[in-house]
Amino acid sequence: MKILKNNMDERQTAESNRVSAKSFWIAYAGLAAAIIAQLFVFRLDITHIAGELIVLLICCLYVVVGYYRRGIWDGFTKPGVKAYLGYSFVFVFLLCLPLPLSRYFRDGAPLLDCLGAFAKYFLILFPLAFAAIAVSGALTKKKQKKLAEQYADDEKAL
Amino acid sequence: MKNKRMKIARAECDLSQEQLAQAIGVTRQTISMIESGNYNPSLNLCVAICRALGKTLNDLFWEESL
């Protein structure tokens, strides 16, 4: 099998990577939004969105493993309790919002019932999210330490 | 930041942007963008440009104000 030669120079490759990265995040966010809308707003059965869910999970896994292998957390925070709390709170808040909102605006359910449902889902999901992010943070810190040792300043080699 | 020294060095070697690009394996647009300051080349590409023009990294890529 003849392997195709890449004719792009380093600048074109860098620009191509920037375009690909942005389009990945657009697709990722769009997929997540579509799944949430179909599940919680349009109330479709989970079997209807199984394909999209599998694709999203593969993307999540690829990103998580890729960042872990390189010992990268993110550009804004360091792995620690404050970051774990912040990210868990934001993620679970956004995830728990659509269903109660849908019940309130679409079904006319009482506001207190919707707030109660929101609180119930939040209290269940928040500890799970915190635990998952904390494990990820701990593994990342361990990997960062391993990479630092691997690429230590070896003065003996001089 | 524009790289006038690279442009002058290229002119001294009597090379067009296309010829320099072909010599180091990049596109003419990349050479143009480096000279106009719209692209920061990697160290490898800087070294390749210096070799093609017979100059050092200091000659072409160090800051003029220093």
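The following exercises, with worked solutions, concern a predicted model of a complex.

**Exercise 1. Confidence**

Determine which helix of chain B has the lowest confidence and which the highest.

*Solution.* Begin with the chain as a whole: chain B averages a pLDDT of 92, and 97% of its residues score at least 70. Then turn to the helices. Confidence in chain B is lowest in helix α3 (residues 28–35), with a mean of 93, and highest in helix α4 (residues 43–53), at 97. For the complex, the predictor gives an ipTM of 0.83 and a pTM of 0.75.

**Exercise 2. The interface**

Describe the area buried between chain A and chain B, and state which three residues of chain A supply the most of that chain's share.

*Solution.* First, identify the participants: five residues of chain A contact 10 residues of chain B. Second, consider the area. About 580 Å² is buried between the two chains, and carbon and sulfur atoms give 49% of this. Of the area that chain A buries against chain B, 85% comes from Asp9(A), Glu10(A) and Arg11(A), more than from any other three residues. Third, classify the side of chain A that touches chain B: four of its residues are charged, one is polar and none is nonpolar. Finally, count the interactions. Between chain A and chain B there are zero salt bridges, but six residue pairs are in polar contact.

**Exercise 3. Cysteines**

Explain why Cys96(A) forms no bond with the closest cysteine sulfur.

*Solution.* The cut-off for a disulfide is a pair of cysteine sulfur atoms within 2.5 Å. The closest cysteine sulfur to that of Cys96(A) belongs to Cys114(A), and because the separation is 13 Å, it is too far for a bond. Over all chains, the count of disulfides is zero. Cys59(A) is likewise in no disulfide, the nearest cysteine sulfur being that of Cys60(A), 7.0 Å away.

Key: Residues numbered from 1 in each chain as written. Chains lettered and ligands numbered in written order. Predicted model: local features only at pLDDT ≥ 70, side-chain atom pairs only at ≥ 80, totals over all residues. Heavy atoms only, no water. pLDDT = per-residue confidence, 0-100. Helix = DSSP H or I, 4+ residues; strand = E, 2+ residues; numbered from the N terminus. Buried area = accessible area lost by both parts, 1.4 Å probe. Salt bridge = Lys/Arg side-chain N within 4 Å of Asp/Glu carboxyl O. Polar contact = N/O pair within 3.5 Å; in protein donor to acceptor, adjacent residues only side chain to side chain. Nonpolar A, V, L, I, M, F, W, Y, C, P; charged D, E, K, R; others polar.
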